[in-house]
Amino acid sequence: MSHGGEIAYNAVMAALSFILTLLLVMLFFLFCKKKPMVGSQEIKPTKLSCASAYSLMDIDAATDGFNHRRIIGQGRLGTVYAGVLPRGEMVAVKKIHPRLVLSNAGFGFSSMIKRLSLARHPNIVSILGLSEAPGERIVIMEFLGVMSLDYYLHQNSDGPSLLDWSRRVRVAAGVARGVEYLHEVAAPSIVHGSIKPSNILIDFQFCARVCDYGLSFLAPQERRGLEGYVDDEYWVGKGGVSKECDVYGLGVVLLELLSGRSSEDGLLVNWALPLIKDMNFSELLDPRLVIPSNLKPLVRLAKVAAACVGNSRKNRPSIVQVAAILNNLEMDLCL
Ligand SMILES: *[C@@H]1O[C@H](CO)[C@@H](O)[C@H](O)[C@H]1NC(C)=O
């Protein structure tokens, strides 16, 4: 009997210690779980690197009162100035044309810019801040101090030789990666709306950086500067900007990289498509560069360009498909 009692006693003790251990483990988990929750609530606001809002006075000081000597670019949406913020940080200050501000009450300007400012990628130019005042809309962007693809291809006589074939492929792949990020990774996704060489900056490592994305809401009626870089569908019915339209614009940029010619309001597409179909590369390729002995990568690039500009929106490749091919081309050139 006493032996049996001992076993029962041991069983009760074992059960008790098991329950006690279980309770301790549960308490431990509860305690540990609480801590990071408090922590993440504290971290959240600083983690979002959202655009800062500046007063017009700050921006006026940063640009010497929008001094014309500080103008670094004139775009369809506004004038860009080189500015220095109070902390000494160099920035690009885009002052939206007053007529666009007046025709578009600017409703939602700050929330749209804040949304765009969350985008971060090695192939895009980041938006850092904004300024808003009656009659004024200002977008503050990263300052790179470099020239655009438009400058390299069409304005500088040394540009074409600086941009040799392998650098052109690298630029093409970089632009595709930047747009792929905007379309597929950024949340919510961003339609660029105006892909063209003047919106592609070339940094000192010949890496492409796409700028001016997502700003078409500022000028829904402004058609100037888009001719030649948007598809036929853009102009009809509900058309307008779309991911497919961005891919068309990228296709035109690829044709400019290949031929060294500017889009000329869309004439480039009509000229280049038959040459690509006939594989007439002696006519197509930029005459300012020597035709490479291995034509394969450029043939591939031309086929991608033709697929981007030669199809309707429904049949056009997606940016993911285009970026995958151009990434492979870039890697093959590195071998
Ligand atoms: C290429 O195109 C040019 C201009 O259209 C033409 O003169 C030339 O004969 C073509 N070359 C070939 C090989 O088709």
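Q: What makes the pairing of a ligand oxygen atom with the side chain of Asn280 a polar contact?
A: In this predicted model, an oxygen atom of the ligand is 2.2 Å from an N or O atom in the Asn280 side chain. The cut-off for such a pair is 3.5 Å, so this one counts as a polar contact.

Q: Which residues are around the ligand, and how do you know that they belong there?
A: They are Leu275, Asn280 and Glu283. Each is listed because one of its heavy atoms lies within 4 Å of the ligand. As for cover, the ligand taken alone exposes 360 Å², and the protein buries 29% of that.

Q: Why is the packing of H10 against H12 called oblique?
A: Helix H10 (residues 267-277) packs on helix H12 (residues 296-309) at about 130°, with the axes 10 Å apart. Roughly perpendicular ends at 115 degrees and roughly antiparallel needs over 145, so an angle of about 130° makes H10 oblique to H12. Their crossing is left-handed.

Q: Which side chains or backbones bring H10 and H12 together?
A: H10 supplies Val269, Leu273 and Ile276, while H12 supplies Ala302, Ala306 and Val309.

Q: How do you know whether H7 and H9 run parallel or antiparallel?
A: Look at the angle: helices H7 (residues 165-185) and H9 (residues 243-259) pack at about 170°, with axes 10 Å apart. That is over 145 degrees, so the two are roughly antiparallel. Their contact includes Trp165, Val171 and His183 of H7, along with Lys243, Leu250 and Leu257 of H9.

Q: How do H9 and H12 cross, and which residues meet there?
A: Their axes come within 8 Å and cross at roughly 145°, and H9 passes H12 in a left-handed crossing. Among the residues that meet are Val247, Tyr248 and Gly251 in H9, and Leu298, Leu301 and Cys308 in H12.

Q: What kind of peptide bond joins Ala187 and Pro188, cis or trans?
A: This bond is cis, with omega at about -5°. You will find Pro188 in the loop between H7 and strand E7 (200-202).

Q: What makes the phi of Asp212 worth pointing out?
A: Phi there is near 65°, a positive value, and the residue is not a glycine. Asp212 sits in the loop between strand E8 (208-210) and helix H8 (232-235).

How values were computed:
Residues are numbered from 1 along each chain as its sequence is written. This is a predicted model: local features need pLDDT of at least 70, side-chain atom pairs count only at pLDDT 80 or more; totals for chains, interfaces and linings use all residues. Side-chain values use heavy atoms; hydrogens and water are left out. A polar contact is a pair of N or O atoms within 3.5 Å; within protein, one must be able to donate a hydrogen and the other to accept it, and residues adjacent in sequence count only if both atoms are side-chain atoms. Accessible areas come from the Shrake-Rupley method with a 1.4 Å probe; for residues, only the protein chains shown count as cover. Axes are lines fitted to C-alpha atoms, for helices over the stretch in contact, and angles run from 0 to 180 degrees between N-to-C directions. Helices (H or I, at least four residues) and strands (E, at least two) are DSSP runs, numbered from the N terminus. Angles under 35 degrees count as roughly parallel, over 145 as roughly antiparallel, 65 to 115 as roughly perpendicular and the rest as oblique. A crossing is left-handed if the near helix is turned anticlockwise from the far one by less than a right angle, and right-handed if clockwise. Contact means heavy atoms within 4.5 Å.
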